[in-house]
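User: I would like a close look at one part of this protein, set in the context of the whole chain. Please give one connected account.

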Amino acid sequence: MIAYKGFDPGLICRGYQFVLGLNKTEKANCRQNGFHCAENPLDCLTYYSDMDRAEYYIVNAGGDIDEDGDDTKISCTELTILKKLTKEEFFLHGLAFLADHPLREWSSHVAKDKAKAASGYAVVRGINPAASGKRGDILAFAKEDPANGHIVQIALAQVDGKKLLPDIWYGADLTERQVALP
């Protein structure tokens, strides 16, 4: 099954050195052992939140697979590391997951309706999602159909200081929004 995994630089996870391609281990118990990854790429941010330090990969989880139900994290005995993702690719895969599974429980890294970027990103979902950030931050939007909650539009941009300005609120169409602050 296709999944996602975060690593410290150099394909290292909790002191274990992974290799590109197939990695094998004996047991997979999500709470204790095995190779961990997540179905929802955004859940990787729970374990590897430093976007400037972590590396994110598409992987294929195989062999024995175990889930613990906390989020979409799984443990497996065979993990094939397929491709390193750029930050933009990582968040596009996260948005695609939201669009493919609109009625699943949301990742804790997705804000409802509006979000100010923290840790280098903001992922926001709603009928008229809005986000703002500092230069270099990634803004990811999932616009919902008000009738059924399905995703009708996704958008991704980086605050670059030219097209998107720091500390300005933007919507999924990447135009400036007026946002009521709490």
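Which residue in β7 is the bridge partner of D66? Please build the answer outward from that pair to the strands around it.

Analyst: The bridge partner of D66 in β7 is S75. The model is a predicted one, and what follows describes that model.

The pair belongs to an antiparallel arrangement in which strand β6, residues 55-67, is joined to β7 over ten bridges. Strand β7 itself covers residues 73-85. Five residues lie between the two strands of this hairpin, and in the hairpin G69 adopts a positive phi near 85 degrees.

Strand β7 also pairs with other strands. With β5, residues 35-38, β7 forms four bridges, again in the antiparallel sense; here F35 has C76 as its bridge partner in β7. With β4, residues 21-24, β7 likewise runs antiparallel, and four bridges join the two. In that pairing G21 stands opposite I81 of β7. As a general point, side chains in a regular strand alternate between the two faces of the sheet.

The loop between β4 and β5 holds a residue that leads back to the starting pair, namely N29. Leaving aside residues up to four places away in sequence, N29 touches H36, D66 and S75. Both members of the D66 and S75 bridge pair are thus among the contacts of N29. The C-alpha atoms of N29 and D64 are 9.1 Å from each other, although 35 residues separate them along the chain. The relative accessibility of N29 is 31%, so N29 counts as partly exposed.

A contrast is offered by G126, in strand β9, which spans residues 121-132. Its relative accessibility is 1%, and G126 therefore counts as buried. Apart from residues up to four places away in sequence, G126 touches D113, A142, K143 and E144. From G126 to K27 the C-alpha distance is 40 Å, with their positions 99 residues apart in sequence.

Two further loop residues deserve mention for their backbone angles. L11, in the loop between β1 (2-7) and β2 (12-13), has a phi near 60 degrees, a positive value in a residue other than glycine. L11 has a relative accessible area of 9% and is therefore buried. S119, in the loop between β8 (111-116) and β9, has a positive phi of about 60 degrees, although S119 is not a glycine either. Its relative accessible area is 54%, so S119 is exposed.

These details sit within a protein of two helices and twelve strands, arranged along the sequence as β-β-β-β-β-α-β-β-α-β-β-β-β-β. The radius of gyration is 17 Å, close to the 16 Å given by the globule rule for 182 residues, so the protein is as compact as a globular protein of that length. The C-alpha trace spans about 55 × 35 × 25 Å along its principal axes. Of the 182 residues, 45% count as buried. Considering contacts between residues at least 6 apart in sequence, 57% join residues at least 24 apart. The accessible surface comes to about 9400 Å², and carbon and sulfur atoms account for 50% of this surface. Finally, the protein has 21 positive and 26 negative charges, whose mean positions are 5 Å apart.

Methods
Residues numbered from 1 in each chain as written. Predicted model: local features only at pLDDT ≥ 70, side-chain atom pairs only at ≥ 80, totals over all residues. Heavy atoms only, no water. Pairing = 2+ DSSP bridges. Rg over C-alpha atoms; globule rule 2.2 N^0.38 Å. Buried < 20%, exposed > 50% of the residue type's maximum accessible area, 1.4 Å probe, protein only. Contact = heavy atoms within 4.5 Å. Areas by Shrake-Rupley, 256 points an atom, 1.4 Å probe, with all protein chains shown as cover. Lys, Arg positive; Asp, Glu negative; His and termini not counted. Charge placed at Lys NZ, Arg CZ, Asp CG, Glu CD.
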